[in-house]
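User: Please take a close look at one part of this model, the largest pocket. Which residues line the pocket, and how are the strands beside its lining paired?

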Amino acid sequence: ATADAINTVKMNDKATQERIAREKAEALATSKKLREMTVVVKAKGGGAGRLFGSVTNQEIADALKAKSGITLDKRKIVISDTIKNVGTYTVTCKLGYEITAPLTVKIEEA
C-alpha cells in the first residue's frame, strides 16, 4: 500500500460518493415531479368502461416519456391491480435508492 495507491482509492471513493449523492438528488427531483403529474393513457375499449385486455407497464412508461420526457424503465413501474377499466389509478414508480413516487394514471377509451 503505497501513498499513491492509497490516494487513488480515496479519490475513487470520493467520486463514487459524489455520483451517488447526485443520483439521489435526481431521483428526489423526479419523485417530486411524478407526484404532481397525471399521465393519460388511451386504450382500446369495448364500451361501458371496459377495455380490451389491460394496460401494461410499457404503455404507462411510453405515455410518461411522451408527456414529460421522463424516461423510466417499465420494470420500475409497479401496478398493484391489473388495469382493465377506464378510470384513474395510482401506480408506484421505483426510482432507486429506496425512493418511490406515486404516479396518477388516467385511462381513457381510444
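Analyst: What follows describes the pocket first and then the strand pairing. The model is predicted, and every value given here is computed from it.

The largest pocket holds about 180 Å³ of space. Its lining consists of Glu-23, Glu-26, Ala-27, Thr-30, Ile-70, Thr-71, Leu-72, Lys-76, Lys-94, Leu-95 and Tyr-97. Sorted by class, these comprise 5 nonpolar, 2 polar and 4 charged residues. Two elements, helix H1 (3-35) and strand E6 (87-96), each contribute at least two residues to the lining. The greatest contribution is that of H1, which supplies 4 residues.

Strand E6 leads from the pocket to the pairing of strands. E6 runs antiparallel to E7, and 9 bridges join the two. Within this pair, Tyr-89 is positioned opposite Val-105 in E7. The two strands form a hairpin with 2 residues between them. Tyr-97 lies in that turn and has a positive phi of about 55°; Tyr-97 also belongs to the lining of the largest pocket.

Strand E7 (residues 99-109) pairs with strand E1 (residues 38-43) as well. Here the strands run parallel and are joined by 6 bridges. One of the residues involved is Lys-42, whose bridge partner in E7 is Glu-108.

Taken together, E7 is joined to E6 in an antiparallel arrangement and to E1 in a parallel one, while E6 also supplies part of the pocket lining.

Note on methods. Residues numbered from 1 in each chain as written. Predicted model: local features only at pLDDT ≥ 70, side-chain atom pairs only at ≥ 80, totals over all residues. Heavy atoms only, no water. 1 Å grid on protein atoms, 1.4 Å probe; cavity = no way out; pocket = protein on both sides within 12 Å on 5 of 7 lines; lining within 4 Å. Points joined across faces, edges and corners; volume = space filled by probe spheres on them. Nonpolar A, V, L, I, M, F, W, Y, C, P; charged D, E, K, R; others polar. Pairing = 2+ DSSP bridges.
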